[in-house]
Amino acid sequence: CDAALLIGIDDPRVHALAANFGKPCVLINCNDDAMRLDAVSPDHHAIGRFSAAYLVDQGHRDILTLICLRRTTLERRLHGIWESLAARRVEHDDSRHLIVTTGFTAEESREALAAHLKPLDRRHYPTAILAGGDFMAAGAITALHDAGLIVPGDISVMSMDSFNLATIQDIPLTAMPVPRDELGAEALRILQQRIASP
(Lines give C-alpha, C1' and ligand atoms only; values in the text may rest on other atoms or scores of the structure.)
Protein backbone atom coordinates (compact mmCIF):
# COMPACT_ATOMS: atom_id res chain seq x y z
CA CYS A 1 0.00 0.00 0.00
CA ASP A 2 1.06 3.61 -0.48
CA ALA A 3 -0.51 5.05 2.67
CA ALA A 4 -2.72 4.23 5.65
CA LEU A 5 -5.63 5.64 7.61
CA LEU A 6 -5.88 4.52 11.25
CA ILE A 7 -9.32 5.04 12.74
CA GLY A 8 -9.91 5.28 16.49
CA ILE A 9 -6.73 3.49 17.58
CA ASP A 10 -5.31 4.88 20.84
CA ASP A 11 -2.44 2.38 21.19
CA PRO A 12 0.93 4.20 21.19
CA ARG A 13 2.65 1.01 19.95
CA VAL A 14 0.53 1.11 16.80
CA HIS A 15 1.28 4.82 16.42
CA ALA A 16 5.03 4.06 16.68
CA LEU A 17 4.73 1.36 14.00
CA ALA A 18 2.84 3.77 11.75
CA ALA A 19 5.40 6.53 12.31
CA ASN A 20 8.20 4.14 11.29
CA PHE A 21 6.17 2.68 8.40
CA GLY A 22 7.96 4.89 5.87
CA LYS A 23 4.71 5.84 4.17
CA PRO A 24 2.12 8.49 4.94
CA CYS A 25 -0.31 7.68 7.76
CA VAL A 26 -3.14 9.80 9.10
CA LEU A 27 -5.02 9.10 12.32
CA ILE A 28 -8.77 9.68 12.54
CA ASN A 29 -10.41 10.31 15.92
CA CYS A 30 -7.27 9.65 17.95
CA ASN A 31 -3.98 11.44 18.60
CA ASP A 32 -0.34 10.47 18.48
CA ASP A 33 1.02 11.84 21.77
CA ALA A 34 4.53 11.82 20.28
CA MET A 35 3.22 14.08 17.47
CA ARG A 36 4.84 12.10 14.65
CA LEU A 37 1.62 11.48 12.73
CA ASP A 38 -0.99 13.75 11.22
CA ALA A 39 -4.34 13.45 12.97
CA VAL A 40 -7.89 14.61 12.34
CA SER A 41 -10.15 14.59 15.36
CA PRO A 42 -12.94 16.60 16.93
CA ASP A 43 -12.08 18.49 20.10
CA HIS A 44 -13.38 15.94 22.60
CA HIS A 45 -12.69 18.19 25.58
CA ALA A 46 -14.85 20.88 23.98
CA ILE A 47 -17.61 18.33 23.26
CA GLY A 48 -17.81 17.48 26.96
CA ARG A 49 -17.56 21.12 28.01
CA PHE A 50 -20.27 22.26 25.60
CA SER A 51 -22.63 19.36 26.36
CA ALA A 52 -22.53 19.96 30.11
CA ALA A 53 -22.92 23.72 29.62
CA TYR A 54 -25.95 23.13 27.41
CA LEU A 55 -27.68 21.03 30.06
CA VAL A 56 -26.91 23.57 32.79
CA ASP A 57 -28.23 26.37 30.57
CA GLN A 58 -31.46 24.34 30.22
CA GLY A 59 -31.82 24.46 34.01
CA HIS A 60 -30.32 21.11 34.99
CA ARG A 61 -28.20 21.02 38.16
CA ASP A 62 -28.23 17.28 38.87
CA ILE A 63 -26.57 15.75 35.79
CA LEU A 64 -25.53 12.11 35.64
CA THR A 65 -22.78 11.24 33.16
CA LEU A 66 -23.01 7.74 31.66
CA ILE A 67 -19.77 7.02 29.84
CA CYS A 68 -17.27 4.36 28.83
CA LEU A 69 -13.68 5.45 29.44
CA ARG A 70 -12.08 2.78 27.26
CA ARG A 71 -10.84 5.47 24.88
CA THR A 72 -8.65 8.51 25.55
CA THR A 73 -11.12 10.62 23.60
CA LEU A 74 -13.85 9.89 26.16
CA GLU A 75 -11.55 10.70 29.07
CA ARG A 76 -11.09 14.10 27.42
CA ARG A 77 -14.86 14.52 27.18
CA LEU A 78 -15.24 13.68 30.86
CA HIS A 79 -12.62 16.27 31.82
CA GLY A 80 -14.49 18.82 29.71
CA ILE A 81 -17.72 17.97 31.55
CA TRP A 82 -16.07 18.39 34.95
CA GLU A 83 -14.48 21.68 33.90
CA SER A 84 -17.79 23.03 32.63
CA LEU A 85 -19.71 22.03 35.75
CA ALA A 86 -17.05 23.53 38.03
CA ALA A 87 -17.08 26.79 36.07
CA ARG A 88 -20.86 26.98 36.55
CA ARG A 89 -20.64 25.99 40.23
CA VAL A 90 -22.67 22.85 39.70
CA GLU A 91 -22.02 20.15 42.29
CA HIS A 92 -20.37 16.98 41.05
CA ASP A 93 -19.86 13.85 43.11
CA ASP A 94 -18.68 10.75 41.25
CA SER A 95 -20.75 8.41 43.44
CA ARG A 96 -23.94 10.27 42.46
CA HIS A 97 -23.13 11.77 39.08
CA LEU A 98 -20.95 9.27 37.23
CA ILE A 99 -21.51 5.78 35.82
CA VAL A 100 -18.55 4.26 33.99
CA THR A 101 -19.25 1.23 31.82
CA THR A 102 -16.75 -1.16 30.27
CA GLY A 103 -18.35 -0.93 26.83
CA PHE A 104 -20.59 1.23 24.66
CA THR A 105 -23.61 -1.05 24.27
CA ALA A 106 -27.20 -0.12 24.96
CA GLU A 107 -27.72 -3.22 27.10
CA GLU A 108 -24.76 -2.55 29.38
CA SER A 109 -25.85 1.07 29.73
CA ARG A 110 -29.41 0.01 30.56
CA GLU A 111 -28.20 -2.40 33.25
CA ALA A 112 -25.74 0.11 34.74
CA LEU A 113 -28.33 2.89 34.98
CA ALA A 114 -30.98 0.54 36.39
CA ALA A 115 -28.54 -0.60 39.09
CA HIS A 116 -27.64 3.02 39.87
CA LEU A 117 -31.27 4.13 40.22
CA LYS A 118 -32.54 1.08 42.15
CA PRO A 119 -31.42 2.14 45.66
CA LEU A 120 -32.35 5.81 45.16
CA ASP A 121 -35.49 7.58 46.21
CA ARG A 122 -37.04 9.26 43.16
CA ARG A 123 -36.37 12.65 44.75
CA HIS A 124 -32.67 11.90 44.30
CA TYR A 125 -32.84 10.90 40.65
CA PRO A 126 -30.85 13.08 38.25
CA THR A 127 -32.78 15.55 36.12
CA ALA A 128 -30.57 14.83 33.09
CA ILE A 129 -28.35 12.04 31.81
CA LEU A 130 -25.40 12.89 29.59
CA ALA A 131 -24.57 9.72 27.65
CA GLY A 132 -21.29 8.97 25.91
CA GLY A 133 -23.01 8.05 22.65
CA ASP A 134 -26.26 7.16 20.97
CA PHE A 135 -26.26 3.47 21.91
CA MET A 136 -25.57 4.39 25.53
CA ALA A 137 -28.37 6.97 25.35
CA ALA A 138 -30.71 4.31 23.96
CA GLY A 139 -29.85 2.03 26.88
CA ALA A 140 -30.45 4.86 29.34
CA ILE A 141 -33.84 5.62 27.79
CA THR A 142 -34.84 1.95 28.06
CA ALA A 143 -33.80 1.86 31.73
CA LEU A 144 -35.80 5.01 32.44
CA HIS A 145 -38.87 3.56 30.69
CA ASP A 146 -38.43 0.33 32.66
CA ALA A 147 -38.52 2.46 35.85
CA GLY A 148 -41.78 4.06 34.72
CA LEU A 149 -40.20 7.39 33.83
CA ILE A 150 -40.94 9.59 30.84
CA VAL A 151 -38.16 10.94 28.62
CA PRO A 152 -37.77 13.90 28.48
CA GLY A 153 -40.68 14.71 30.81
CA ASP A 154 -39.18 13.22 33.98
CA ILE A 155 -35.50 12.97 33.02
CA SER A 156 -33.77 14.43 29.98
CA VAL A 157 -31.21 12.42 28.01
CA MET A 158 -28.47 13.90 25.85
CA SER A 159 -25.98 12.04 23.65
CA MET A 160 -22.42 13.29 23.09
CA ASP A 161 -21.83 11.29 19.93
CA SER A 162 -24.86 11.39 17.71
CA PHE A 163 -25.32 9.67 14.40
CA ASN A 164 -29.09 9.18 14.27
CA LEU A 165 -30.85 7.89 17.35
CA ALA A 166 -34.21 8.14 15.60
CA THR A 167 -33.32 4.82 13.93
CA ILE A 168 -32.97 3.22 17.38
CA GLN A 169 -35.62 4.99 19.46
CA ASP A 170 -38.59 7.06 18.39
CA ILE A 171 -37.76 9.75 20.96
CA PRO A 172 -36.59 13.31 20.35
CA LEU A 173 -33.05 13.45 21.70
CA THR A 174 -30.72 16.37 22.20
CA ALA A 175 -27.38 15.31 20.79
CA MET A 176 -23.93 16.62 19.96
CA PRO A 177 -23.21 15.36 16.44
CA VAL A 178 -19.66 14.34 15.56
CA PRO A 179 -18.93 15.26 11.90
CA ARG A 180 -17.84 11.81 10.71
CA ASP A 181 -18.06 12.57 6.99
CA GLU A 182 -16.02 15.75 7.36
CA LEU A 183 -13.38 13.97 9.47
CA GLY A 184 -12.96 11.30 6.78
CA ALA A 185 -12.80 13.85 3.94
CA GLU A 186 -10.19 15.93 5.76
CA ALA A 187 -8.10 12.86 6.61
CA LEU A 188 -8.09 11.82 2.94
CA ARG A 189 -7.16 15.36 1.87
CA ILE A 190 -4.18 15.35 4.25
CA LEU A 191 -3.17 11.84 3.16
CA GLN A 192 -3.28 12.82 -0.53
CA GLN A 193 -1.22 15.91 0.27
CA ARG A 194 1.39 13.77 2.08
CA ILE A 195 1.54 11.30 -0.83
CA ALA A 196 1.97 14.09 -3.36
CA SER A 197 4.43 16.05 -1.25
CA PRO A 198 6.10 14.02 1.51
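Colleague: Which residues in α3 meet those of α2?

Modeller: This is a predicted model, in which local features need pLDDT of at least 70, side-chain atom pairs count only at pLDDT 80 or more, and totals for chains, interfaces and linings use all residues. Residues are numbered from 1 along each chain as its sequence is written, while side-chain values use heavy atoms, with hydrogens and water left out. With helices (H or I, at least four residues) and strands (E, at least two) taken as DSSP runs numbered from the N terminus, and with contact meaning heavy atoms within 4.5 Å, α2 brings His44, His45, Ile47, Gly48, Arg49, Ala52, Ala53 and Val56. Their counterparts in α3 are Thr73, Arg76, Arg77, His79, Gly80, Ile81, Glu83, Ser84 and Leu85.

Colleague: At what angle do the axes of α2 and α3 cross?

Modeller: Axes are lines fitted to C-alpha atoms, for helices over the stretch in contact, and angles run from 0 to 180 degrees between N-to-C directions. The axes of α2 (residues 44-57) and α3 (residues 72-87) come within 6 Å of each other, and they cross at roughly 40°.

Colleague: Where do the edge strands lie in the sheet that contains β4 and β6?

Modeller: Strands count as paired if DSSP finds at least two bridges between them, and five strands form this open sheet, with parallel pairing, in the order β5-β4-β6-β7-β8. Pairing on one side only is what marks the edge strands, which are β5 (98-101) and β8 (174-177).

Colleague: What is the bridge partner of leucine 130 in β7?

Modeller: Strand β6 (residues 128-131) runs parallel to β7 (residues 156-162), and four bridges join the two. Within that pairing, leucine 130 has as its partner in β7 methionine 158.

Colleague: Which strands does α2 touch as it packs on the sheet?

Modeller: The direction of α2 makes about 160° with that of β7, one of the strands that this helix touches. The strands in contact with α2 are β4 (63-68), β6, β7 and β8.

Colleague: Why is one side of β1 and of β3 left without a neighbour in the sheet?

Modeller: These strands belong to an open sheet of three, paired in parallel in the order β1-β2-β3. β1 (4-7) and β3 (38-40) stand at its edges, so what each of them has is a single partner strand.

Colleague: Which residue in β2 stands opposite alanine 4?

Modeller: β1 pairs with β2 (residues 25-28) in the parallel sense, over four bridges. Facing alanine 4 from β2 is cysteine 25.
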